[in-house]
Amino acid sequence: MVKRSDIQNIIVTGKSGAGKQPRIDVLVSEFGLEQLSTGNIFREYVGSFDDSGFKGDLEAFYDEINDTFVKDEFIEKAIKEQLPDLEDIRPVFLGLKAKYFMNSGRFVPNRTTNELFAEYFSKGGYKGFVLDGYPRTPDQAEFLLYLCEKNGTRIDLIVLVNNSDKLIIDRTVGRRICPSCKKVHHIEFKPSRDGIHCDDCGVELVQRADDTAERIQMRLFEFYDKVIPTLDILEKAGIPIVTVEGNLEVFTEENVRRSVMERIDPLLE
Ligand SMILES: [Zn+2]
């Protein structure tokens with residue numbers, strides 16, 4: 001049991017497309033936490049790197065044979081030489097690493113994800129966050145537990161947003177976006193007037209590259225293959241998991257809030 005005011009960190013997890021964001025919004029407002037998404041961290045550090053104006057071949061900082069970056073000192077030295085007036089080298093340094101993987105299209109290894117995550121997590125004193133998209137592998141879970149233990153903080157609970165594979169596939173495959181105003185439609189559940197063009201812009205709606213059946217199956221596989229064993233580790237470490245339904249009969253803000261809080265309240269003092 002934890003006091004409501006003593007909540008330090010909550011993990012929100014679930015399959016891609018399960019409906020995590022509305023639940024994250026509830027936790028952010030109920031407990032005064034900040035959303036920490038790995039996707040946003042990556043974009044933020046890559047942004048710092050891009051803004052710095054650093055020029056050079058990033059391949060030079062990666063040791064292909066040993067499949068790792070060259071020593072941190074070498075990367076730091078190269079940045080300092082080119083940008084001597086830079087006050088804080090750290091965001092550019094981390095951004096360089098993130099950018100390398102973004103450019104190469106390669107899978108980001110745990111150690112790089114962990115490094116970026118730890119930096120951001122430390123900014124809040126390792127507490128005060130809703131973790132979103134992290135940890136997604138057993139290695140990341142072990143690292144998170146280590147970080148919390150080392151810094152005297154904790155993960156209070158995990159909210160698992162549950163949704164069936166079928167519903168996620170149906171929702172995602174039918175999704176169509178207006179390339180102009182970004183409005184989201186669905187061929188079955190929320191079609192535009194003629195089913196083809198955006199009502200406001202008249203532009204033809206498109207399917208996002210990530211919304212094909214093949215890509216969704218890949219993400220679902222990743223959930224069963226990586227995220228489930230990740231949750232096992234956290235549960236064994238004594239962190240309670242509450243399951244929240246991602247699909248609601250009537251989707252209102254109040255219904256979402258209630259569906260989350262009625263599962264969490266029994267765990268609170
Ligand atoms: Zn539009």
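**A walk through a pocket, a zinc site and a loop**

About 220 Å³ of space lies in the second largest pocket, our starting point in this predicted model. Lining this pocket are 14 residues, and those closest to its centre are Arg154, Ile155, Asp156, Gly238 and Ile239. What kinds of residues make up the lining of the second largest pocket? Sorted by character, 10 of them are nonpolar, two are polar and two are charged.

Now let's turn to the metal. The zinc ion is held by the SG atoms of Cys178, Cys181, Cys198 and Cys201, at 2.3 Å. Along the sequence, these donor residues follow the spacing C-x2-C-x16-C-x2-C. Two of the donors, Cys178 and Cys198, link distant parts of the chain, 20 residues apart. Cys178 sits in the loop between strand S7 (175-177) and strand S8 (184-186), whereas Cys198 belongs to the loop between S8 and helix H8 (213-236). Are these two residues buried or exposed? Both Cys178 and Cys198 are buried.

The arrangement of the donors is worth a look too. Four tetrahedral donors ideally make angles of 109.5 degrees at a metal. Among the four donor atoms of the zinc ion, the angles run from 103 to 112°, and the site is tetrahedral.

Our last stop is Asp88, found in the loop between helix H3 (72-82) and helix H4 (90-104). Asp88 counts as partly exposed because its relative accessibility is 46%, and partly exposed residues fall between the limits of 20% and 50%. A polar atom of the Asp88 side chain lies 3.2 Å from the backbone nitrogen of Arg90.

Conventions
Residues numbered from 1 in each chain as written. Predicted model: local features only at pLDDT ≥ 70, side-chain atom pairs only at ≥ 80, totals over all residues. Heavy atoms only, no water. Donors = N, O, S within 2.8 Å, 3.2 Å for Na, K, Ca; no water. Tetrahedral: all angles 85-135°; square planar, octahedral: opposite > 155°, others 65-115°. Helix = DSSP H or I, 4+ residues; strand = E, 2+ residues; numbered from the N terminus. Buried < 20%, exposed > 50% of the residue type's maximum accessible area, 1.4 Å probe, protein only. Polar contact = N/O pair within 3.5 Å; in protein donor to acceptor, adjacent residues only side chain to side chain. 1 Å grid on protein atoms, 1.4 Å probe; cavity = no way out; pocket = protein on both sides within 12 Å on 5 of 7 lines; lining within 4 Å. Points joined across faces, edges and corners; volume = space filled by probe spheres on them. Nonpolar A, V, L, I, M, F, W, Y, C, P; charged D, E, K, R; others polar.
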